[in-house]
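Trainee: Could you pick one part of this structure and take me through it closely, residue by residue where that helps? I'd like to know what surrounds it and what backs it up.

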Amino acid sequence: MIVNEGVRVKVPASTANLGPGFDTLGMALSLYAWIEMKPAEKTVFHLYGDQMAGIPLDKSNLIYEVAQSVFREAGVMVPELEISMYSDIPLTRGLGSSASAIVGALFAANCLIGSPLDESRLFDMATALEGHPDNVGASLFGGIITAVWDGSHAEYLRIEPPTELDVLVAIPDFQLSTAKAREVLPEAVSLRDAVYNVSRTSLLQAALASNRLDLIPFAMQDRLHQPYRSSLIPGMARILEEATAHGALGVALSGAGPTLLALVDRRKQTEATLEQFLLGVLNEQGIVAEMLWLKPCTLGATKLTIEEDKSFLEIIKGEVSA
Ligand SMILES: Nc1ncnc2c1ncn2[C@@H]1O[C@H](COP(=O)(O)OP(=O)(O)O)[C@@H](O)[C@H]1O
Ligand SMILES: N[C@@H](CCOP(=O)(O)O)C(=O)O
(Lines give C-alpha, C1' and ligand atoms only; values in the text may rest on other atoms or scores of the structure.)
(Ligands and ions follow the chains in the order given, each with its own letter.)
Protein backbone atom coordinates (compact mmCIF):
# COMPACT_ATOMS: atom_id res chain seq x y z
CA MET A 1 0.00 0.00 0.00
CA ILE A 2 1.27 3.49 -0.87
CA VAL A 3 2.04 5.78 2.07
CA ASN A 4 1.83 9.42 0.99
CA GLU A 5 4.42 12.02 2.00
CA GLY A 6 1.91 14.00 4.01
CA VAL A 7 -1.69 15.18 4.20
CA ARG A 8 -3.50 18.24 5.51
CA VAL A 9 -7.13 18.10 6.56
CA LYS A 10 -9.68 20.60 7.84
CA VAL A 11 -12.49 19.54 10.20
CA PRO A 12 -15.49 21.52 11.46
CA ALA A 13 -16.67 21.82 15.06
CA SER A 14 -20.11 20.48 15.86
CA THR A 15 -23.04 20.84 18.18
CA ALA A 16 -24.46 17.54 19.43
CA ASN A 17 -27.91 16.87 20.95
CA LEU A 18 -29.49 19.53 18.74
CA GLY A 19 -32.61 20.56 20.71
CA PRO A 20 -34.39 17.32 21.66
CA GLY A 21 -32.05 15.09 19.61
CA PHE A 22 -30.03 13.71 22.52
CA ASP A 23 -27.17 11.46 21.26
CA THR A 24 -28.79 11.61 17.81
CA LEU A 25 -28.90 14.94 16.04
CA GLY A 26 -25.76 16.99 15.32
CA MET A 27 -24.83 19.96 13.19
CA ALA A 28 -21.44 21.02 11.85
CA LEU A 29 -20.44 24.60 12.65
CA SER A 30 -18.19 27.16 10.95
CA LEU A 31 -15.37 26.83 13.49
CA TYR A 32 -12.44 24.60 12.52
CA ALA A 33 -9.42 22.50 13.37
CA TRP A 34 -6.59 21.68 10.93
CA ILE A 35 -4.30 18.68 11.08
CA GLU A 36 -1.19 17.84 9.11
CA MET A 37 0.12 14.27 9.27
CA LYS A 38 3.37 12.92 7.82
CA PRO A 39 5.34 9.69 8.24
CA ALA A 40 8.48 10.45 10.28
CA GLU A 41 11.66 8.94 11.70
CA LYS A 42 10.52 9.74 15.24
CA THR A 43 7.09 10.84 16.45
CA VAL A 44 6.82 14.59 17.04
CA PHE A 45 3.92 16.99 17.65
CA HIS A 46 3.51 20.67 16.77
CA LEU A 47 0.38 22.07 18.42
CA TYR A 48 -0.60 25.67 17.68
CA GLY A 49 -3.28 28.04 18.94
CA ASP A 50 -4.76 28.92 22.34
CA GLN A 51 -6.99 25.84 22.37
CA MET A 52 -4.20 23.27 22.45
CA ALA A 53 -2.98 23.89 26.01
CA GLY A 54 -2.59 20.69 28.01
CA ILE A 55 -2.82 18.30 25.05
CA PRO A 56 -0.22 15.49 25.39
CA LEU A 57 2.90 15.64 23.21
CA ASP A 58 3.68 11.93 23.29
CA LYS A 59 2.16 8.77 21.86
CA SER A 60 -0.74 8.99 24.33
CA ASN A 61 -2.01 11.89 22.17
CA LEU A 62 -5.54 11.16 20.88
CA ILE A 63 -4.62 12.05 17.28
CA TYR A 64 -1.68 9.64 17.29
CA GLU A 65 -3.68 6.81 18.90
CA VAL A 66 -6.60 7.21 16.51
CA ALA A 67 -4.27 7.31 13.49
CA GLN A 68 -2.69 4.05 14.62
CA SER A 69 -6.14 2.44 14.86
CA VAL A 70 -6.67 3.28 11.16
CA PHE A 71 -3.31 1.78 10.20
CA ARG A 72 -4.08 -1.40 12.19
CA GLU A 73 -7.50 -1.71 10.57
CA ALA A 74 -5.94 -1.30 7.11
CA GLY A 75 -3.02 -3.63 7.88
CA VAL A 76 -0.36 -0.96 7.35
CA MET A 77 2.56 0.03 9.58
CA VAL A 78 3.29 3.75 10.02
CA PRO A 79 4.59 3.75 13.60
CA GLU A 80 6.21 7.18 13.65
CA LEU A 81 4.34 10.33 12.68
CA GLU A 82 4.90 14.07 12.54
CA ILE A 83 1.59 15.62 13.59
CA SER A 84 0.76 19.33 13.43
CA MET A 85 -2.53 20.71 14.65
CA TYR A 86 -4.13 24.12 14.93
CA SER A 87 -7.63 24.51 16.33
CA ASP A 88 -10.09 27.31 16.96
CA ILE A 89 -12.50 24.87 18.67
CA PRO A 90 -12.49 25.41 22.43
CA LEU A 91 -11.74 22.30 24.48
CA THR A 92 -14.34 20.71 26.74
CA ARG A 93 -17.05 23.32 26.09
CA GLY A 94 -19.63 21.27 24.16
CA LEU A 95 -18.50 22.19 20.65
CA GLY A 96 -17.13 18.78 19.77
CA SER A 97 -13.37 19.30 20.12
CA SER A 98 -12.87 15.59 20.85
CA ALA A 99 -15.08 14.59 17.90
CA SER A 100 -13.19 16.91 15.56
CA ALA A 101 -9.87 15.50 16.80
CA ILE A 102 -11.09 11.91 16.32
CA VAL A 103 -12.58 12.58 12.89
CA GLY A 104 -9.57 14.64 11.79
CA ALA A 105 -7.17 11.89 12.87
CA LEU A 106 -9.20 9.10 11.21
CA PHE A 107 -9.63 11.07 8.02
CA ALA A 108 -6.00 12.24 7.81
CA ALA A 109 -4.56 8.79 8.59
CA ASN A 110 -6.83 7.16 6.01
CA CYS A 111 -5.85 9.74 3.36
CA LEU A 112 -2.19 9.21 4.22
CA ILE A 113 -2.41 5.54 3.19
CA GLY A 114 -4.52 6.08 0.06
CA SER A 115 -8.02 5.92 1.64
CA PRO A 116 -8.52 2.13 1.95
CA LEU A 117 -11.35 2.60 4.50
CA ASP A 118 -14.68 3.95 3.23
CA GLU A 119 -16.63 6.74 4.97
CA SER A 120 -19.04 4.30 6.55
CA ARG A 121 -16.18 2.43 8.25
CA LEU A 122 -14.64 5.72 9.42
CA PHE A 123 -18.02 6.74 10.84
CA ASP A 124 -18.34 3.44 12.75
CA MET A 125 -14.82 3.78 14.15
CA ALA A 126 -15.41 7.43 15.10
CA THR A 127 -18.71 6.60 16.82
CA ALA A 128 -17.16 3.71 18.75
CA LEU A 129 -14.41 6.05 19.98
CA GLU A 130 -16.67 9.01 20.83
CA GLY A 131 -19.54 6.88 22.18
CA HIS A 132 -22.33 8.60 20.24
CA PRO A 133 -22.73 9.42 16.54
CA ASP A 134 -24.08 12.99 16.51
CA ASN A 135 -20.82 14.98 16.94
CA VAL A 136 -18.60 12.75 14.85
CA GLY A 137 -21.22 12.42 12.08
CA ALA A 138 -21.48 16.19 11.76
CA SER A 139 -17.68 16.65 11.73
CA LEU A 140 -17.22 13.88 9.17
CA PHE A 141 -20.07 14.65 6.78
CA GLY A 142 -20.93 18.32 7.46
CA GLY A 143 -24.46 19.73 7.55
CA ILE A 144 -27.07 18.35 9.94
CA ILE A 145 -26.77 14.66 10.75
CA THR A 146 -29.46 12.42 12.17
CA ALA A 147 -27.92 9.12 13.18
CA VAL A 148 -28.52 5.83 14.96
CA TRP A 149 -25.86 3.65 16.57
CA ASP A 150 -26.46 -0.04 17.37
CA GLY A 151 -23.21 -0.49 19.25
CA SER A 152 -21.20 -1.55 16.22
CA HIS A 153 -22.65 0.26 13.21
CA ALA A 154 -23.86 3.84 12.76
CA GLU A 155 -26.35 4.76 10.03
CA TYR A 156 -27.18 8.35 9.19
CA LEU A 157 -29.02 10.77 6.96
CA ARG A 158 -27.54 14.16 6.15
CA ILE A 159 -29.85 17.17 6.04
CA GLU A 160 -28.76 20.28 4.15
CA PRO A 161 -28.97 23.16 6.67
CA PRO A 162 -31.57 25.84 5.85
CA THR A 163 -29.78 28.76 4.19
CA GLU A 164 -31.35 31.41 6.46
CA LEU A 165 -30.22 29.69 9.66
CA ASP A 166 -27.64 31.45 11.84
CA VAL A 167 -26.21 30.15 15.08
CA LEU A 168 -25.20 32.13 18.15
CA VAL A 169 -23.07 30.35 20.73
CA ALA A 170 -22.36 31.61 24.23
CA ILE A 171 -19.19 29.87 25.39
CA PRO A 172 -18.73 30.16 29.18
CA ASP A 173 -15.18 30.55 30.44
CA PHE A 174 -15.24 27.24 32.32
CA GLN A 175 -14.81 23.68 31.11
CA LEU A 176 -17.31 20.86 31.59
CA SER A 177 -16.18 17.45 30.43
CA THR A 178 -18.69 15.23 28.66
CA ALA A 179 -17.85 12.47 31.15
CA LYS A 180 -18.84 14.71 34.11
CA ALA A 181 -21.98 15.95 32.37
CA ARG A 182 -23.07 12.35 31.67
CA GLU A 183 -22.72 11.39 35.34
CA VAL A 184 -25.73 13.54 36.27
CA LEU A 185 -28.06 11.79 33.81
CA PRO A 186 -30.63 9.28 35.08
CA GLU A 187 -30.56 5.57 34.16
CA ALA A 188 -34.20 5.67 33.03
CA VAL A 189 -36.78 8.27 32.00
CA SER A 190 -40.58 8.24 31.99
CA LEU A 191 -42.64 7.29 28.94
CA ARG A 192 -44.07 10.80 29.04
CA ASP A 193 -40.61 12.38 28.72
CA ALA A 194 -39.62 9.91 26.01
CA VAL A 195 -42.70 10.84 23.95
CA TYR A 196 -42.00 14.53 24.59
CA ASN A 197 -38.56 14.17 22.98
CA VAL A 198 -39.49 11.73 20.20
CA SER A 199 -42.26 14.03 18.96
CA ARG A 200 -40.06 17.12 19.02
CA THR A 201 -37.06 15.40 17.42
CA SER A 202 -39.28 14.15 14.58
CA LEU A 203 -40.75 17.61 14.05
CA LEU A 204 -37.36 19.33 14.25
CA GLN A 205 -35.77 17.02 11.65
CA ALA A 206 -38.72 17.40 9.30
CA ALA A 207 -38.73 21.19 9.80
CA LEU A 208 -34.98 21.47 9.09
CA ALA A 209 -35.22 19.19 6.06
CA SER A 210 -38.05 21.22 4.56
CA ASN A 211 -36.82 24.72 5.41
CA ARG A 212 -39.69 25.34 7.85
CA LEU A 213 -37.88 27.63 10.28
CA ASP A 214 -41.29 28.71 11.63
CA LEU A 215 -41.70 25.24 13.24
CA ILE A 216 -38.39 25.29 15.11
CA PRO A 217 -39.80 27.14 18.18
CA PHE A 218 -42.20 24.21 18.73
CA ALA A 219 -39.52 21.56 18.39
CA MET A 220 -36.37 22.59 20.27
CA GLN A 221 -37.26 21.59 23.83
CA ASP A 222 -35.73 18.62 25.64
CA ARG A 223 -36.49 16.55 28.72
CA LEU A 224 -33.81 13.88 28.42
CA HIS A 225 -30.66 15.71 29.45
CA GLN A 226 -31.02 19.49 29.81
CA PRO A 227 -33.10 19.46 33.03
CA TYR A 228 -30.48 17.27 34.73
CA ARG A 229 -27.51 19.31 33.48
CA SER A 230 -29.07 22.67 34.21
CA SER A 231 -27.56 22.91 37.72
CA LEU A 232 -24.06 22.63 36.16
CA ILE A 233 -24.57 25.82 34.12
CA PRO A 234 -25.91 28.74 36.18
CA GLY A 235 -28.33 30.85 34.10
CA MET A 236 -29.11 28.06 31.65
CA ALA A 237 -32.65 27.40 32.90
CA ARG A 238 -33.64 31.06 32.38
CA ILE A 239 -32.01 31.17 28.95
CA LEU A 240 -33.87 28.03 27.86
CA GLU A 241 -37.11 29.51 29.17
CA GLU A 242 -36.86 33.04 27.77
CA ALA A 243 -34.55 33.14 24.72
CA THR A 244 -37.37 32.77 22.18
CA ALA A 245 -38.92 35.96 23.60
CA HIS A 246 -35.62 37.67 22.74
CA GLY A 247 -35.45 36.59 19.11
CA ALA A 248 -34.19 32.99 19.09
CA LEU A 249 -36.02 30.34 17.09
CA GLY A 250 -34.87 27.93 19.74
CA VAL A 251 -32.10 27.48 22.25
CA ALA A 252 -30.31 24.43 23.61
CA LEU A 253 -27.32 23.21 25.52
CA SER A 254 -24.63 22.52 22.90
CA GLY A 255 -23.49 18.93 23.35
CA ALA A 256 -22.88 18.27 27.01
CA GLY A 257 -22.29 22.00 27.63
CA PRO A 258 -21.43 24.42 29.05
CA THR A 259 -21.90 26.24 25.71
CA LEU A 260 -25.43 27.43 24.99
CA LEU A 261 -26.58 27.58 21.40
CA ALA A 262 -29.35 29.64 19.83
CA LEU A 263 -30.82 29.12 16.36
CA VAL A 264 -31.74 32.33 14.61
CA ASP A 265 -33.60 33.25 11.43
CA ARG A 266 -31.21 35.67 9.71
CA ARG A 267 -34.11 37.57 8.11
CA LYS A 268 -35.57 38.56 11.51
CA GLN A 269 -32.56 40.72 12.46
CA THR A 270 -32.79 39.93 16.16
CA GLU A 271 -29.02 39.44 16.64
CA ALA A 272 -28.26 42.35 18.99
CA THR A 273 -31.24 41.76 21.31
CA LEU A 274 -30.56 38.06 21.62
CA GLU A 275 -26.83 38.46 22.19
CA GLN A 276 -27.43 41.03 24.95
CA PHE A 277 -29.97 38.76 26.63
CA LEU A 278 -27.74 35.67 26.68
CA LEU A 279 -24.68 37.57 27.82
CA GLY A 280 -26.68 39.52 30.42
CA VAL A 281 -28.10 36.37 32.04
CA LEU A 282 -24.70 34.66 32.18
CA ASN A 283 -22.97 37.80 33.50
CA GLU A 284 -25.63 38.09 36.25
CA GLN A 285 -24.50 34.63 37.38
CA GLY A 286 -20.88 35.78 37.42
CA ILE A 287 -20.06 33.87 34.21
CA VAL A 288 -17.87 35.45 31.56
CA ALA A 289 -18.78 34.14 28.13
CA GLU A 290 -17.47 34.52 24.61
CA MET A 291 -20.25 35.19 22.12
CA LEU A 292 -19.67 33.85 18.60
CA TRP A 293 -21.89 34.10 15.55
CA LEU A 294 -21.47 30.97 13.47
CA LYS A 295 -23.15 29.34 10.52
CA PRO A 296 -24.04 25.73 9.92
CA CYS A 297 -21.09 24.27 8.00
CA THR A 298 -22.11 22.29 4.95
CA LEU A 299 -18.72 20.61 4.42
CA GLY A 300 -17.38 17.85 6.63
CA ALA A 301 -13.78 16.73 6.95
CA THR A 302 -11.89 17.90 3.87
CA LYS A 303 -8.48 17.09 2.44
CA LEU A 304 -6.55 20.22 1.52
CA THR A 305 -4.16 20.32 -1.40
CA ILE A 306 -0.58 20.62 -0.19
CA GLU A 307 1.03 23.70 -1.67
CA GLU A 308 4.72 22.83 -1.55
CA ASP A 309 5.82 26.43 -1.02
CA LYS A 310 3.54 27.03 2.00
CA SER A 311 4.07 25.77 5.53
CA PHE A 312 1.22 24.39 7.65
CA LEU A 313 1.03 27.63 9.63
CA GLU A 314 0.98 29.80 6.49
CA ILE A 315 -1.99 27.79 5.21
CA ILE A 316 -3.84 28.19 8.53
CA LYS A 317 -3.17 31.93 8.69
CA GLY A 318 -4.57 32.28 5.18
CA GLU A 319 -7.65 30.21 6.04
CA VAL A 320 -8.38 31.88 9.38
CA SER A 321 -8.15 35.41 7.97
CA ALA A 322 -10.17 34.53 4.82
N1 LIG B 1 -6.68 18.00 19.40
C2 LIG B 1 -6.80 17.19 20.43
N3 LIG B 1 -5.80 16.34 20.70
C4 LIG B 1 -5.89 15.51 21.73
N5 LIG B 1 -6.97 15.44 22.56
C6 LIG B 1 -8.00 16.25 22.33
C7 LIG B 1 -7.98 17.17 21.25
N8 LIG B 1 -9.13 17.85 21.26
C9 LIG B 1 -9.85 17.37 22.30
N10 LIG B 1 -9.18 16.42 22.94
C11 LIG B 1 -9.61 15.67 24.14
O12 LIG B 1 -11.01 15.77 24.26
C13 LIG B 1 -11.35 16.33 25.55
C14 LIG B 1 -12.61 17.14 25.43
O15 LIG B 1 -13.67 16.27 25.08
P16 LIG B 1 -15.13 16.47 25.65
O17 LIG B 1 -15.11 16.45 27.15
O18 LIG B 1 -15.99 15.46 24.98
O19 LIG B 1 -15.53 17.96 25.23
P20 LIG B 1 -15.80 18.58 23.80
O21 LIG B 1 -15.65 17.48 22.80
O22 LIG B 1 -17.19 19.09 23.89
O23 LIG B 1 -14.83 19.69 23.61
C24 LIG B 1 -10.15 17.17 25.91
O25 LIG B 1 -10.07 17.36 27.30
C26 LIG B 1 -9.02 16.31 25.39
O27 LIG B 1 -8.74 15.27 26.28
N1 LIG C 1 -24.45 13.37 23.25
C2 LIG C 1 -23.30 13.74 24.05
C3 LIG C 1 -22.70 14.93 23.36
C4 LIG C 1 -21.39 15.37 23.88
O5 LIG C 1 -20.95 16.43 23.08
P6 LIG C 1 -19.69 17.30 23.45
O7 LIG C 1 -19.54 18.27 22.34
O8 LIG C 1 -20.00 17.96 24.75
O9 LIG C 1 -18.54 16.35 23.55
C10 LIG C 1 -23.73 14.07 25.47
O11 LIG C 1 -24.62 14.90 25.63
O12 LIG C 1 -23.21 13.52 26.44
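**Around ligand 1**

Mentor: Let's take the shell around ligand 1, which draws at least three residues from each of domain 1 (7-160 + 297-321) and domain 2 (165-294); those domain bounds come from an automatic or database domain assignment. Keep in mind that this is a predicted model, where local features need pLDDT of at least 70 and side-chain atom pairs count only at pLDDT 80 or more, while totals for chains, interfaces and linings use all residues. As for labels, residues are numbered from 1 along each chain as its sequence is written, and chains are lettered from A and ligands numbered from 1 in the order in which they are written.

So who is in that shell? There are 19 residues around ligand 1, and L62, S97, S98, A101 and T178 are the closest; a residue counts as near if its C-beta atom, placed from the backbone, lies within 6 Å of the molecule. Three elements give two or more residues each: α1 (62-74), β4 (81-87) and α2 (97-112). Those names follow DSSP runs numbered from the N terminus, with helices being H or I of at least four residues and strands being E of at least two. The largest share, 4 residues, is from α2. Sorted by class, the shell has 8 nonpolar, 10 polar and 1 charged residues. Here Ala, Val, Leu, Ile, Met, Phe, Trp, Tyr, Cys and Pro count as nonpolar, Asp, Glu, Lys and Arg as charged, and the others, Gly among them, as polar.

Now step back to one of the contributors, α1. With 13 residues, α1 reaches 19 Å from its first C-alpha to its last, close to the 18 Å expected at 1.5 Å a residue; the expected span is 1.5 Å times one less than the number of residues. Which residues of α1 are buried? They are I63, Y64, V66, A67 and V70, where buried means 20 or more other C-beta atoms within 10 Å of the residue's own, exposed means 12 or fewer, and partly exposed is in between, again with C-beta atoms placed from the backbone. The cover over them includes β2 (25-39), as well as β4, α2 and α3 (119-130). In other words, β4 and α2 both help cover α1 and both give residues to the ligand 1 shell. Right after α1 comes G75, with a positive phi near 70 degrees.

α2 also turns up in the cover of helix α4 (residues 133-141). In α4, 9 of the 9 residues are buried, so the helix is largely enclosed by the rest of the structure. Besides α2, what covers α4 includes β1 (7-15), β2, α3, β5 and β6 (154-159). Just past the end of α4, G142 has a positive phi of about 75 degrees.

α4 links us to the other ligand, since α4 and α5 (178-183) each supply at least two residues of the shell around ligand 2. That shell has 16 residues, the nearest being A16, G94, T178, G255 and A256. You'll spot T178 in the nearest group for ligand 1 and in the one for ligand 2. α5 gives the largest share of the ligand 2 shell, 3 residues, and the class split there is 4 nonpolar, 9 polar and 3 charged residues. The ligand 2 shell, too, takes at least three residues from each of domain 1 and domain 2.

Follow α5 along and you meet E183, which is part of that helix. E183 has 10 C-beta neighbours inside 10 Å, so it counts as exposed. From E183 to R229 is 46 residues in sequence, yet 9.4 Å in space, C-alpha to C-alpha.

Since both ligand shells draw on both domains, the domains themselves deserve a look. The C-alpha centres of domain 1 and domain 2 lie 25 Å apart. Their contact takes 24 residues from domain 1 and 29 residues from domain 2, with two residues in contact when their C-beta atoms, placed from the backbone, lie within 7 Å. On the domain 1 side, the elements giving two or more residues are β2 and β5 (144-149), and β2 gives the most, with 4. That side has 12 nonpolar, 11 polar and 1 charged residues. And β2, remember, is among the elements covering α1.
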